[in-house]
2 protein chains.
Amino acid sequence: MEPVRRKALVDAALRVIGDHGSLAVTMSDIARQAGVSPALAHHYFGSKEQLLIETIRSLLRQLRSDTVAALKAARTPRARLSAVIRVSFHADQFAPETIAAWLAFYAEAQRSEGTRRFLVIYARRLRSNLLANLKVLLPDDAAERIAEGAAAMIDGLYIRQSLKSAPIGIEASIALTEDYLTTQLRGFGR
Amino acid sequence: MEPVRRKALVDAALRVIGDHGSLAVTMSDIARQAGVSPALAHHYFGSKEQLLIETIRSLLRQLRSDTVAALKAARTPRARLSAVIRVSFHADQFAPETIAAWLAFYAEAQRSEGTRRFLVIYARRLRSNLLANLKVLLPDDAAERIAEGAAAMIDGLYIRQSLKSAPIGIEASIALTEDYLTTQLRGFGR
DNA sequence: TTTTATTGATTGATCAGTCAATCAAAAATA
DNA sequence: TATTTTTGATTGACTGATCAATCAATAAAA
C-alpha cells in the first residue's frame with residue numbers, strides 16, 4: 001500500500017496546491033483529495049514539509065523526464081535548443097494550476113532551504129541545457145549571455161502567465177523565445 | 001497620529017515580508033517592527049488583508065513615481081525605453097527583500113482578487129511604457145511582440161534573482177535587456 | 001497470532017480579531 | 001489661571017478558530 005498511498009498523496013498535494021494557488025493548504029485538504037484521513041498522510045510522510053518536498057521533487061522529475069525525451073529526439077544543437085523551449089511550454093507545464101504550484105514553491109523557497117535547493121536545481125538545469133548547445137554554436141561568453149537571457153524570458157513568460165492579465169498563449173510564448181534565440185544567433189552568422 | 005502610524009505599519013510590513021520572504025507573517029511581527037501593539041494595527045487597518053493591500057499599493061506607488069521621473073528626463077523614444085529598463089532594475093527594486101516581497105505578492109495574487117488587481121496594473125503599465133515608445137520606432141505588431149518579450153525578460157530576471165542561484169547583478173541584467181532591445185531594433189534598421 | 005493499514009479523538013500552538021480599560025492631550029468651562 | 005470634560009491613541013487580556021502532529025484503538029490481512 002505504501003507506494004500507492006505516497007503517490008496518491010503527492011498527486012493530491014499538487015492538485016490542491018494548484019487549485020488553491022498557495023502552499024497554505026492543510027493536510028486535511030490534501031488527504032481529503034487523496035481520499036484518506038489526515039492521520040495517514042502524517043503516517044507516511046512524517047510532516048507536512050516532507051510531503052511538500054516530495055511534491056516538488058515529483059514536479060521536477062516529470063520535467064526532467066520530458067526534457068530528456070525531447071533532447072533525445074533532436075539531432076542538431078539548434079534543434080535541441082528548440083526542444084528545451086518546447087518542453088518548457090509543454091501544455092502540462094503551462095496549465096494554470098501547474099504554474100500556480102511553481103509560483104507557490106518559488107515563494108516557499110525564500111524560507112525553506114529544502115525547497116530552494118530543488119528550484120536552484122531546476123534553474124541550473126534549464127540554463128545548462130541551453131548553454132551546452134549554445135556553446136557549440138557561439139563563443140563561450142556570448143553563449144552564457146544568451147542562455148541567461150533565454151532562461152529569464154522563459155521564466156518571465158511563466159510568471160506573466162500566472163496573472164492571466166496578458167493571456168499570451170503557448171504558441172506565442174514559444175515563438176517569442178525562439179525569435180530571441182534566432183535573432184541572437186543571426187548576429188553571429190548562424 | 002493616524003497618517004504617521006499607517007505609514008510606519010506599511011513600511012514595517014514591507015520590511016517584515018521581505019525579511020521573512022512570505023506573506024505568512026503575523027500582525028504581531030509587523031506591529032513589533034513598527035513599535036506598536038498588534039491591536040493598534042488592527043485599529044488602523046481593520047484587517048490583515050487590508051494592511052497587505054495598502055502595502056503593495058505603496059510598493060507600486062514608489063515604482064510609478066520613479067518611472068515617471070525617469071521618463072521625464074529622457075528625450076527620445078529609445079532613451080525612454082532605456083529609462084524604463086533602468087528603473088525596473090533600480091537598486092531599491094532589485095534588493096533581495098524587495099524581490100522577496102514582490103514574489104510573495106505574486107503568489108498571493110493567485111487567491112486574492114485585490115492583490116491580483118494591483119499586479120495586473122503593474123504588468124500592464126510596464127508593457128504599455130515599453131509599447132508606447134516601441135510603436136514610434138516600429139510597426140505595431142513588431143512593437144507588441146518586442147514589448148512582450150522585454151517585459152517577460154525583466155520579470156524573469158527578477159524571479160531568477162530571487163533564488164540567488166545565478167547571482168546575475170544589476171548591471172548584467174540591464175545589459176541583457178538592453179541587448180535584447182538593441183538586437184531586435186537593429187532588425188528593423190534602427 | 002502477528003503485522004500492517006487506517007482512523008477518530010485529542011492536544012498544543014498559533015493567530016486574527018475584539019473589547020474594555022487606560023492614558024494623555026486638547027477643549028471647554030468656571 | 002485652574003478645573004473639568006471630551007476625544008483620540010493605545011494597549012493587555014481574551015476568544016474562537018484553525019491546524020499540524022500524536023496516539024491509542026480498530027480492522028484487515030498474512
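Trainee: Which elements of chain A and chain B each supply at least two residues of the surface near DNA strand C?

Mentor: Here "near" is a distance test: a residue counts if its C-beta atom, placed from the backbone, lies within 6 Å of the strand. In this predicted model, chain A supplies α1 (2-20) and α3, and chain B supplies α2 (27-34) and α3. Helices are DSSP runs (H or I, at least four residues), numbered from the N terminus. As for bookkeeping, residues are numbered from 1 along each chain as its sequence is written, and chains are lettered from A and ligands numbered from 1 in the order in which they are written. Local features need pLDDT of at least 70 and side-chain atom pairs count only at pLDDT 80 or more, while totals for chains, interfaces and linings use all residues.

Trainee: Which residues are the closest to DNA strand C?

Mentor: Of the 16 residues that surround DNA strand C, the closest are Ser37(A), Ala39(A), Thr26(B), His42(B) and Lys48(B).

Trainee: And which are the closest to DNA strand D?

Mentor: There, 16 residues surround the strand, with Thr26(A), Lys48(A), Val36(B), Ser37(B) and Ala39(B) the closest. The elements giving at least two residues each are α2 (27-34) and α3 (38-45) of chain A, plus α1 (2-20) and α3 (38-45) of chain B.

Trainee: How are the two copies related?

Mentor: Two copies of a chain are related by a rotation about an axis and a shift along it. Here, a turn of 180 degrees and a shift of 0.0 Å along the axis lay chain A on chain B with an RMSD of 0.1 Å. The two copies are thus related as by a two-fold rotation axis. The superposition is by least squares on the C-alpha atoms of residues with pLDDT of at least 70 in both.

Trainee: How many residues of chain A are in contact with chain B?

Mentor: Contact means that C-beta atoms, placed from the backbone, lie within 7 Å. By that test, 40 residues of chain A touch 40 residues of chain B. On the chain A side, α9(A) gives the most, with 14 residues. And 100% of the interface residues of chain A are also interface residues in chain B, so the copies meet through the same surface.

Trainee: Is α7(B) largely enclosed or open?

Mentor: Call a residue buried if 20 or more other C-beta atoms, placed from the backbone, lie within 10 Å of its own. In α7(B), 12 of the 14 residues are buried, so this helix is largely enclosed by the rest of the structure. Among them are Trp102(B), Phe105(B) and Glu108(B).

Conventions. Two residues are in contact if their C-beta atoms, placed from the backbone, lie within 7 Å.
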